[in-house]
Amino acid sequence: ESLKQLGEAPEFESMARGAGRFPVVYDEGFGATVKDPDGNLYIDITAGVAVNSVGRLHPRVVEAIHKQTGKLMHSSDCSSSLRLDLAKKISGIMPAGLKDNCITFFTQSGSSALESAIKFVRKITGRSQIVAFHGAYHGVHCGCGSLTTGDQYRKDFGPFIPGVIHAPYPYAYRCCFGTKSQEQCEDMCANYLEYLLNTPYTGVDDVGAVIIEAQQGEGGYLAPNPEFLQRVKASCEKHGALFIADEVQSGAGRSGKMWAIEHSGVEPDILTFGKGIGGDVPMAGVTLRKDLAEKIEDGSQPNTFAANGISAAVSMTNIDILTENDNALIKRVAELGELIKDRLKEGAQKIKCIGDVRGRGFMIGIELVKDRETKEPFDADLMGQVIMGMLNKGVILVPCGRYGNVIRFMPSLTTPKKYLDKASDLLLEVLESLDI
Ligand code: PMP
């Protein structure tokens, strides 16, 4: 059965169209595992799509929720002491350039953080164009959805906001310039961006910001080298455009550093976060360098539920867990991520349908192809066989990528090593057993 057919199952009858459909219903969740209503236990290698950074129902998170429910939940549109504490804590974990020199606007989802970021860029720079990248995912609202690429998110939903230009993101395995190495592909992409910004008649003459995922998520788990991001930053500086790092998926320690941009040393002007900072509860936001944030007038971007008591209390606890003992959990992710990648790469030597294994930390992409020579991507039926094969063995995985053919290995940061080993071995087993 293909994933699409599975999405038509009777259990999904009353579910809104448009949301993702997946053949497992979650009933309970703890740590790196979830149970369905029939009591079947699964290892969740998706962390609820890169959300449960410290695992589900972490005891300290549960305790923080209990404590906060006895104190203050909703605070109105003005600040709560907890929201102020959280803004300060977030400032302390920002990458260089923003660290201890920033202001954070809280939102309830990545999409609304990005929506605000677009408006802030316009207000701060007085410019209206934004450059984003092929394969980008920056949310689904009308503004941020304009930055997102992918037919499923765009077709028949337009027109989108004007002034968005898309440039190539380094995807060496399928380089649009036909280059043969990661470095050459990155070189061409950086050249192209500079050409766009620098050349009359490209129509790109009013750029307020370049927005980039330092490791691309939905677009296929692509991790460019530091030099590429440094060249993007250099182009931004040269042309007076702000550099926005969208860390909604790659942040909160997932890449093996708190923020994926930190692998490059690039100092972003604006950073958006979400998913793993809130974990079990909705939390997202946009952080701006102080001198930029000062250009946004008070009250110009209200948000009723921003940093709700529970969201703020949980985020504070999540950040504590991520950063304590000198970022021990994040360092674990960097080390174990390399081990898993090596294990998968080794397996790929004999399994012909693995075209590429890439990524950093717990953000590993495994690109599946019908033929290594032609690189023809796995279709929905084959991906369905992989996802179902893994579910039958008790492991939840979800795909991503421009052709939907990239398995993403994105477990909770706290996932026990034995689960990670088991899940990667089972994946190799399932791939080896496919009849292609
Ligand atoms: N930016 C990135 C990089 C994302 O991966 C996502 C979600 N996949 C978003 C923004 C949007 O976040 P949300 O689904 O919370 O609106």
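## Two strands side by side

Strand 8 (residues 242-246) and strand 9 (residues 270-273) run parallel and are joined by three bridges. Helices (H or I, at least four residues) and strands (E, at least two) are DSSP runs, numbered from the N terminus. Within this pair, Ile244 sits opposite Ile270 of strand 9.

The model is predicted, with local features needing pLDDT of at least 70 and side-chain atom pairs counting only at pLDDT 80 or more, while totals for chains, interfaces and linings use all residues. Residue numbers start from 1 along each chain as its sequence is written.

## The whole sheet

Let's step back to the sheet. It is open and has seven strands in the order 4-10-9-8-7-5-6, with mixed pairing; two strands pair if DSSP finds at least two bridges between them. At the edges are strand 4 (102-107) and strand 6 (164-167), each pairing on one side only. On average, neighbouring strands are turned by 20° against each other, direction ignored; axes are lines fitted to C-alpha atoms, for helices over the stretch in contact, and angles run from 0 to 180 degrees between N-to-C directions.

## A helix on the sheet

Helix 5 (residues 110-125) packs on the sheet and touches several strands, among them strand 5 (129-133) and strand 7 (207-212). Contact means that C-beta atoms, placed from the backbone, lie within 7 Å. The direction of helix 5 makes about 25° with that of strand 10.

## Around the ligand

Helix 5 also gives the most to the shell around the ligand, with three residues. Among the 15 residues around the ligand, Ser109, Gly110, Ser111, Val248 and Gln249 come nearest (near means a C-beta atom, placed from the backbone, within 6 Å).

Definitions and conventions:
Two residues are in contact if their C-beta atoms, placed from the backbone, lie within 7 Å.
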